[in-house]
Amino acid sequence: MSQFAVSWNLSRQRFKDALDGLTQEQLNWHIHPGALSLGEMAIHVAGVEVSFAHQLAEEPLDAFADRLRAAATDGVVNDKPFPFGQEEISLPTVHRALDVSRGFLEPLMQAPSNDVLRKEIVSALGPMISGEGALARLAFHSAYHQGQAHLIKTSPAFPK
Amino acid sequence: MDRSALAEVFKQIIEGYDIPTPAGMLRVKREDVAILVEPLPYSLLTNLAHANLWQRLWLASLKGGSRKAGMEEWKNDFRIPDPSEWNALRKEFLEGLLEAQRIAASEPFDHKLQSDQEAVEKLVKIAVHGAYHCGQMNLLKRAIKNRT
């Protein structure tokens, strides 16, 4: 297993587990205006993975993966609408998103070449970063959102 | 796990690459830190106290502290601290992340656990737990800002 894969696997699996069994209403609930719902959060996590992996590996994206890529930024760090509407954010969609992004990223996480580690790509907030920097971000990104997911799920107002 | 990669993970958490820097995110007026914003279950201050407690215990174990040293503190997990503790908790949490980064990058590997593997696992725990609580604390801070 490569450099960043331990932290990535651990935090990503915990994040995915936190979503298990959630209803569509729960996935689309917003704890306060402007905060991501759990469903949007999961699609955003997948979107950042697709965005970075696509730039690092230069593999083509199908229409679904391209919408995921947009979810890395749209409606999260800019004022554009989130690329997925509430009506389509359900557990199967969330699982599909995380499975698709894993498919793109896992080979890079497991055995990144020196070219991948040195490659320059655009980060979610805009600056150019190295492939090594991108993999380091992804190693803790889902943990960051898993913490928020726990807070949302344990809120007394979270839909039962 | 390669330790240079682990040091890089700490660097990115501390310097806030694509997430808010912990130092900036935890710059909050003292009168706001204990506010409970419904429907959130606890305050920023309680969250920081919890995050800092576990980070302190894991760092202590890396430095050879007794496994039982934190038993009393565990009983007070998720306590409601007095707001006057905020600055000290913030300072300890931020310095703890820097100390974890230093240990991850140290050569020879500066720890008192039985194996390097165990120390790496402890550092991964600190990194993942730190990122987890940075996410929570940022959500809590935004809720405080949005409450009116």
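Let's start at Glu58 of chain A. Glu58(A) takes a positive phi, about 55°. It comes just after helix α3(A). Keep in mind that this is a predicted model.

Now step back along the chain into that helix. α3 of chain A covers residues 38–57, so to speak of its length: 20 residues, by the DSSP run. From its first C-alpha to its last, α3(A) reaches 28 Å. That is close to the 28 Å expected at 1.5 Å a residue. Is this helix covered or not? Mostly covered: 18 of the 20 residues of α3(A) are buried.

One residue to pick out here is Ala42(A). Which residues does Ala42(A) touch, leaving aside those up to four places away in sequence? Leu19(A), Val94(A), Ala97(A) and Leu98(A). Ala42(A) also belongs to the largest nonpolar core, which has 85 residues. Within that core, Ala42(A) and Ala127(B) touch the most other members. And which element gives the largest share of the core? That is α6(B), with 13 residues.

Next, chain A as a whole. Chain A has seven helices and two strands. Read along the sequence, the pattern is α-α-α-α-α-α-β-β-α. So six helices come before the strands, and a helix follows them, as the pattern and the DSSP runs give it.

How is chain A packed? Its radius of gyration is 15 Å. A compact globule of 160 residues would have a value near 15 Å, so chain A agrees with that. The C-alpha atoms fill a box of roughly 50 × 30 × 25 Å along the principal axes. Buried residues make up 46% of the 160 residues in chain A. Now the contacts in chain A between residues at least 6 apart in sequence: 68% of these join residues at least 24 apart.

Last, the two chains together. How many residues of each chain are in contact with the other? On chain B, 26 residues; on chain A, 31. On the side of chain B that touches chain A, two helices each supply at least two residues: α1 (3–15) and α6 (116–146). α6(B) gives the most to that side, with 13 residues. What kinds of residue make up this side of chain B? There are 17 nonpolar, five polar and four charged.

To close, back to one helix. α6(B) gives the most to the side of chain B that touches chain A, and the largest share of the largest nonpolar core also comes from α6(B).

Note on methods
Residues are numbered from 1 along each chain as its sequence is written. Chains are lettered from A and ligands numbered from 1 in the order in which they are written. This is a predicted model: local features need pLDDT of at least 70, side-chain atom pairs count only at pLDDT 80 or more; totals for chains, interfaces and linings use all residues. Two residues are in contact if their C-beta atoms, placed from the backbone, lie within 7 Å. Helices (H or I, at least four residues) and strands (E, at least two) are DSSP runs, numbered from the N terminus. Ala, Val, Leu, Ile, Met, Phe, Trp, Tyr, Cys and Pro count as nonpolar, Asp, Glu, Lys and Arg as charged, and the others, Gly among them, as polar. The radius of gyration is taken over C-alpha atoms; the globule rule is 2.2 Å times the number of residues to the power 0.38. A residue is buried if 20 or more other C-beta atoms lie within 10 Å of its own, exposed if 12 or fewer, and partly exposed in between; C-beta atoms are placed from the backbone. The expected span of a helix is 1.5 Å times one less than its number of residues. A nonpolar core is a set of buried Ala, Val, Leu, Ile, Met, Phe, Trp, Tyr and Cys residues joined through C-beta atoms within 7 Å.
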